Amino acid sequence: MITVPVTDYDSWRAAAIQLLAAGKSPNEIVWQAGLFADLPESGPTTGLTVPRAFIELAKVVALHRDVSRWFVLYRVLYRIVNGERDLLKIDIDDDVRELRLMEKAVSRDMHKMKAFVRFRRIPDSEPEVFVAWYRPDHYITEAVAPWFSRRFGSMRWSILTPDRSAHWDLETLSFGPGVPRSEAPGDDVLEDLWRDYYRSIFNPARVKIKAMRAEMPVRHWATLPETRVIPDLLAQADTRVVQMAKTQKMSALPFIPATRNLGELRAAAPGCRGCDLYERATQIVFGEGPKDAKVVMVGEQPGDEEDVKGHPFIGPAGRLLSKAMHETGLEREKIYVTNAVKHFKWIERGKRRIHAKPSGIEISACRPWLEAELASIEPELVVCLGATAAQSLMGRDFRITTERGKFFPHRWAKELVATIHPSAILRAQDRVEEEYGLFLKDLRIIAARLRELEKAS
Ligand code: SF4
């Protein structure tokens, strides 16, 4: 038996390469957390290649807390390099299944950490510092920390966990040892803010206790300030449903499932009755594009052609947008396109259906769909095409004329920028070329900014 110390993916990988070269089978090895290796003399390692999919899988599985992960990883690696090259494609294989389950558990844990970390301000800290304590199931702190540095890049913060701590000073992400719960800060004013926020977004019409417990496991409740108001809110649920029906007649919110899965959102969208626009439209036109798009472009509402065919930006304005994207190096197939309002609003003129501007109430009724799309995709950049989209996401005071082409930090993306809607170019009559030139200029700036953001992430 060989005892092999292992602490993380890199140390496992280095040892595994040596053990494979020495021809050691999985049953000859005991993987153990420790400092001193007892590795055999290795043979030549040249020609040892493994599929990229295995490397990606191993990096995630390495974050799992079960110590058997190192053993299973090595056994799968051993089988791959000894003739079973396509092993990962056999989902029913016991080893592959075990790795897949671990991968799923780690991914789910990362998702939960993003949802349940709550920062508290350190009292009297100057400059302000925020701290959160969280207990993940697996060793995910270092893997998830970059996400927090992007989302909360303008705050100085630390996330403390029993295993590791992560620190962000507005420029650099650093890591340190774990911290027990007793050393984390307790209640303060931010907790009240969280509770108020939760009260305001709590929708009694969508309460599913079982799903709530699954999504928000009880063991996290101690670190979640909003959980203290849940019993009260549930007790008042019936009254609140009636109140909501009276005061929130126009909202898509009750029709949106509690999920970040874009496919599930799209599947639920045709059932929306959040405002009256569905009544005269042919169908809902939901956003389209990759679910991990770096850029989301938001227009106003579908046009006549989009309404008939059920796809966004395929009419004259959409075609102009595609042309402009092509000329400025933005690849449309990599961009998610959607609208602030998902049903076509129109008036009849002769035999034609003419676009009618959606009202503020309709825009705000439909905003939850747009927010659900953005929360699911988590883009780097949101590009608002026209005032309706910009005002839906930046507030009614936002003016395209003065703010066009400027980049703003935003809740749903690293940055948001607005330009005109391509339909405004088509309506510009004798200034079409001039307006199109300005639009191209905006898109070139956006393409350049996107390259910078991608480089920085
Ligand atoms: S426009 Fe939006 S809120 Fe109104 S019915 Fe359609 S999807 Fe729902």
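## The main nonpolar core

A nonpolar core is a set of buried Ala, Val, Leu, Ile, Met, Phe, Trp, Tyr and Cys residues joined through C-beta atoms within 7 Å; buried means that 20 or more other C-beta atoms, placed from the backbone, lie within 10 Å of a residue's own. This is a predicted model, where local features need pLDDT of at least 70, side-chain atom pairs count only at pLDDT 80 or more, and totals for chains, interfaces and linings use all residues. Residues are numbered from 1 along each chain as its sequence is written.

The largest nonpolar core here holds 54 residues, and Val296, Val298, Cys366, Val382, Val383 and Cys384 have the most contacts inside it. Among the elements that each supply at least two residues are strand 8 (295–299), strand 12 (381–385) and helix 17 (432–456). Helix 13 gives the most, with 8 residues. (Helices, H or I of at least four residues, and strands, E of at least two, are DSSP runs numbered from the N terminus.)

## Around Val296, and a second core

Which residues does Val296 touch? Leaving aside residues up to four places away in sequence, they are Tyr336, Thr338, Leu374, Ile377, Pro379 and Val382. (Contact means C-beta atoms, placed from the backbone, within 7 Å.) A second, separate core has 40 residues, including Val60, Leu73, Ile140 and Ala145.

## Helix 1 against helix 3

Helix 1 (residues 9–21) packs on helix 3 (residues 68–81) with axes 11 Å apart. Trp12, Ala16 and Leu20 of helix 1 meet Trp70, Leu73, Tyr74, Leu77, Tyr78 and Val81 of helix 3.

Methods. Buried ≥ 20, exposed ≤ 12 C-beta atoms within 10 Å, placed from the backbone. Contact = placed C-beta atoms within 7 Å. Axes fitted to C-alpha atoms, helices over the stretch in contact; angles between N-to-C directions.
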